[in-house]
Amino acid sequence: KFERTVIGVALLVSALFIFCLFYAMGAKKGNVTECLPYDKSYEDARVSQLDKNTYQVFYVARMWNFEPSVVYIPVGSEVDFFVTSKDVVHGFEISEKNVNLMGVQGAVAKTTVKFDKPGVYKVTCHEFCGTGHQNMQAEVIVN
Ligand code: CUA
């Protein structure tokens, strides 16, 4: 009888987790990290402007920096961030914008962020990647 209770509780907890997962996916629609097919062009760190206020930034993470390290974006722009790595797994976090991606060699992560307020947005690596990890940062300057 006791076992039944345990199994019941376990199933209930699992169901709750699954529910939360789907709920989060629904609530953050379009904000969920996309998986894109990879190609070598993602290893070319750059900023490109699509139109007046749409930008794309291609980040390459490596021990222990991001390239480009400083990016200037006009206020009100929408920016697609693409992140890949040249070596180990790195993190890519912009805490003020709820961005949390992983930089993985041979793969690319993408998210889109709208910058309505001017400021200096810190990009930090939040995945331990070696002795230089704590200094691995970049900046997005919105003005
Ligand atoms: Cu890169 Cu930690």
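Two residues count as being in contact if their C-beta atoms, placed from the backbone, lie within 7 Å. Keep that in mind for the exercises on this predicted model, where local features need pLDDT of at least 70, side-chain atom pairs count only at pLDDT 80 or more, and totals for chains, interfaces and linings use all residues. Residues are numbered from 1 along each chain as its sequence is written.

**Exercise 1. Find out how far apart in sequence the contacting residues are in the protein chain.**

Start with the contacts that have a separation of 6 or more. Of these, 58% come from residues 24 or more positions apart.

**Exercise 2. Describe the overall form of the protein chain.**

Step one: list the elements, which are one helix and eleven strands (DSSP runs, H or I of at least four residues for helices and E of at least two for strands, numbered from the N terminus). Step two: the radius of gyration, taken over C-alpha atoms, is 19 Å, well over the 15 Å that the globule rule (2.2 Å times the number of residues to the power 0.38) gives for 143 residues, so the chain is more spread out than a compact globule. Step three: the C-alpha trace spans about 65 × 35 × 30 Å along its principal axes.

**Exercise 3. Work out which side chains of strand β8 are buried.**

A residue is buried if 20 or more other C-beta atoms, placed from the backbone, lie within 10 Å of its own. In β8 (residues 99-103), Val99, Leu101 and Gly103 share one face and are buried. Asn100 and Met102 point to the other face and are not buried.

Definitions and conventions: A residue is buried if 20 or more other C-beta atoms lie within 10 Å of its own, exposed if 12 or fewer, and partly exposed in between; C-beta atoms are placed from the backbone.
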